[in-house]
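Grab a pencil and work through these short exercises on confidence and charged side chains. Try each task before you read its solution.

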Amino acid sequence: MPRQPRIDISGLLQHVTIRGIERRNIFISDADRRDFVRRLVLLLQETKTLCYAWTLLDNHVHLLLMPTQAPPCFHDAALTDRLCRVLQPAAQSYRPSVSEPLLIDRV
């Protein structure tokens with residue numbers, strides 16, 4: 001069962017986690033991490049969201065975010081979906097075997 005949506009209020013801090021399914025790596029190289037950060041910065045600017053803290057681990061990401069605009073300019077599900085898409089280039093740079101798919105899961 002999916003978890004309930006976050007309360008989406010301007011000025012409310014939100015802890016967002018993005019993780020690899022089955023604890024698989026979502027970053028393969030430092031270039032993947034740099035590309036993620038570059039794309040994350042663009043997304044945060046576009047959504048007028050502040051990022052107070054972040055950490056990039058091999059198999060997951062933690063972000064402490066605060067939206068500065070009231071909905072619908074910032075919508076948690078939409079932002080989380082877009083954050084997962086930010087990771088897609090990293091996922092595509094990894095070439096798993098047919099028996100080892102790499103997927104990204106929203107938490």
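Buried means under 20% relative accessible area, exposed means over 50%, and partly exposed is in between (1.4 Å probe, protein chains only). We're working with a predicted model, where local features need pLDDT of at least 70 and side-chain atom pairs count only at pLDDT 80 or more, while totals for chains, interfaces and linings use all residues. Residues are numbered from 1 along each chain as its sequence is written, and side-chain values use heavy atoms, leaving out hydrogens and water.

**Exercise 1.** Find where confidence is lowest and highest in the protein chain.

*Solution.* Start with pLDDT, the predictor's confidence in each residue, from 0 to 100. The chain averages 75, and 57% of the residues score at least 70. Next, go by element: strand β4 (residues 104-106) is lowest at a mean of 45, and strand β2 (residues 49-56) is highest at 94. Where pLDDT is low, don't read the predicted coordinates in detail.

**Exercise 2.** Work out which residues are linked with Arg-33 in a network of salt bridges.

*Solution.* A salt bridge puts a side-chain nitrogen of Lys or Arg within 4 Å of a carboxyl oxygen of Asp or Glu. Arg-33 pairs with Asp-30 at 3.3 Å, N to O. Now check exposure: Arg-33 is buried at 19%, whereas Asp-30 is exposed at 51%. Finally, add Asp-58, and you have the network of Asp-30, Arg-33 and Asp-58.

**Exercise 3.** Decide whether Glu-22 is buried or exposed.

*Solution.* Glu-22 has a relative accessible area of 58%, so it's exposed. Its salt-bridge partner is Arg-24, with the closest N and O atoms 2.7 Å apart. Arg-24 is partly exposed, at 22%.

Definitions and conventions: Helix = DSSP H or I, 4+ residues; strand = E, 2+ residues; numbered from the N terminus.
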